[in-house]
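Student: I am new to this structure and would like to go through it slowly, with reasons given along the way. Could we look at it together?

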Amino acid sequence: MPPSPASILILDDDDDVACAAQLLLRRRHARVATLGDPAQLDARLAASRPDVVLLDLNFTPGRIDGLEGLAVLARLRALPRPPAVIALTAYADVPLAVEAIKRGALDFITKPWDNDRLVAAVDGAVARQAAAPAAGDGSPLMGDSSPMHALRSMIAAVAPTEANVMVLGENGVGKELVARAIHAASRRAPATFLAVDMGALPEATFESELFGHRKGSFTDARSDRAGRFQAARGGTLFLDEIGNMPLGAQAKLLTALERREVTPLGADRAEGLDVRVVSATNLDEARLFDPSVFRPDLLFRLNTIVLRVPPLRERQEDIPQLLHHYLSLYESQYGRPVRELAPHTQERLCAWSWPGNVRALRHACERAAILAPGLEYHFEDFGLATPATATVAAPAEPEDFRLGARERDTIAAALDKAKGNISMAARMLGLSRAALYRKMEKHGL
Ligand SMILES: Nc1ncnc2c1ncn2[C@@H]1O[C@H](COP(=O)(O)OP(=O)(O)OP(=O)(O)O)[C@@H](O)[C@H]1O
């Protein structure tokens, strides 16, 4: 696979550690830089903005309170487009890692790290940053259509309860935003909201990732490590892409939810669970209810309440508000002039099928805000591909369009084979999820 174009910054005062991480990550990402002194961070940020920052929480040797790292984290989070931050701590200090996550870090790694785990965490952060730039950025759940009003009423009703909620909907409809809204309106709001892409967790390390492990419990377990269930204690654990979990992993998750306790690998005692579970999938319901795909007993545990987020094409009334919100957001973010939509542009954008839903609309607005040359926005500024039907039926294309058509067909075939499972299709195509999303948008899939 060619290296990703993502920019990664490793902030660690220990040259050996920073260099080891740089060498490891350079195999997969083209731009990996290191910085040993946080005092130089502002100058570095003025020169270039990283997508992901690996942040050591303790700079001064001997310090273990993490306050220096948390201060840098706050500076990074205050940037207009904050990078995804993975906290690094040399001490198996779960409270500190949890504090970092509460304050906006996406993930944490304890040193000395396991190479596969570090690579997976950075890949996940890169994918997340590219695919869902708004998740958690404070964009509210917008839309005045009646399905969105109904959805907000359901969120208000279920949020104060402890019921497990399952959010269903196509890619990019706003399932994570719904999960965040439930958390924000619940009594758990002051605690952590932690999202885990269940489709991306390797089956071999599934238990250690979710439930944690004790030092020495397997060859690479060089220190105690908290799992996602412990890190989200008191808060909400958002299990995203649950439809992509292998059956073996489903059984392990079921046991934890049934017993309301988890046992870290190598531990002799179970720990009680204190998380509210919200899950999501883009699987259609026929597949979700197919026992060869998803265990009915696990489904029963997870879907006490089901919330369905309709695709954007079924709530066209929401489109003008979303266009206005995201165009204004990107105009101010990129210092671009405030512009209106040219006549008929809104109608054409509302009639668009938006196969990538709100995520695609958001990206289209970002593109238009940056690239539109005129005093008004025209449909062409949004970079939308020809409608899918027209592209499929298109006869022989001129030479330079053939590659694109072939790419589109290959992606469509992979999506078909993976039955819409994005993580699986991305694996089949040798792409990251983020890259696949971008290509789907480009081809109007
Ligand atoms: N109703 C909405 N109002 C404002 N922004 C929205 C809305 N729905 C989605 N978005 C934006 O669209 C993007 C995708 O949303 P989100 O990640 O919640 O979708 P998802 O359904 O979880 O996607 P996936 O299936 O790929 O995991 C985010 O940038 C989010 O902020």
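The questions and answers below deal with this predicted model.

Student: Which residue does UniProt list for "modified residue: 4-aspartylphosphate", and in which strand is the place of that residue?

Tutor: The annotation comes from an unreviewed UniProt entry, which lists Asp56 for this modified residue. Within the model, Asp56 has its place among residues 52-56, and that stretch is strand S3.

Student: Is Asp56 buried or exposed?

Tutor: A residue counts as buried if 20 or more other C-beta atoms lie within 10 Å of its own. Leaving aside neighbours within four places in sequence, Asp56 is in contact with Leu11, Asp12, Asp13, Gly69 and Leu88. Because 24 other C-beta atoms lie within 10 Å of Asp56, this residue is buried.

Student: What is the order of the strands in the open sheet of five strands?

Tutor: Two of the pairings can be followed one by one: S7 (residues 193-197) pairs with strand S8 (residues 236-240) in the parallel sense over five bridges, and strand S6 (residues 165-168) pairs with strand S11 (residues 276-281) in the parallel sense over four bridges. In the first of these, Asp197 has Asp240 in S8 as its bridge partner, while in the second Leu168 stands opposite Thr281 in S11. The open sheet has parallel pairing, and its order is S7-S8-S11-S6-S12.

Student: Which strands stand at the edges of this sheet?

Tutor: An edge strand here has a single partner strand, so one of its sides is left without a neighbour in the sheet. Even so, S7 is largely enclosed by the rest of the structure, because four of its five residues are buried. The strands at the edges are S7 and S12 (305-308).

Student: Which helix packs on the sheet, and what angle does its direction make with that of S11?

Tutor: Neighbouring strands of the sheet are themselves turned by 20° against each other on average, direction ignored. The helix that packs on this sheet is H7 (residues 175-184), which touches S6, S7, S8, S11 and S12. The direction of H7 makes an angle with that of S11 of about 165°.

Student: What covers the buried residues of helix H4, and which residue just after H4 takes a positive phi?

Tutor: Helix H4 spans residues 94-102, and its buried residues are Leu96, Ala97, Val98, Glu99, Ala100 and Ile101. What covers these buried residues includes helix H3 (67-77), strand S4 (84-89), strand S5 (107-110), S7 and helix H9 (228-231). Just after H4, a positive phi of about 115° is taken by Gly104.

Methods: Residues numbered from 1 in each chain as written. Predicted model: local features only at pLDDT ≥ 70, side-chain atom pairs only at ≥ 80, totals over all residues. UniProt positions renumbered as here; feature names shortened; annotations may be inferred. Buried ≥ 20, exposed ≤ 12 C-beta atoms within 10 Å, placed from the backbone. Contact = placed C-beta atoms within 7 Å. Pairing = 2+ DSSP bridges. Axes fitted to C-alpha atoms, helices over the stretch in contact; angles between N-to-C directions.
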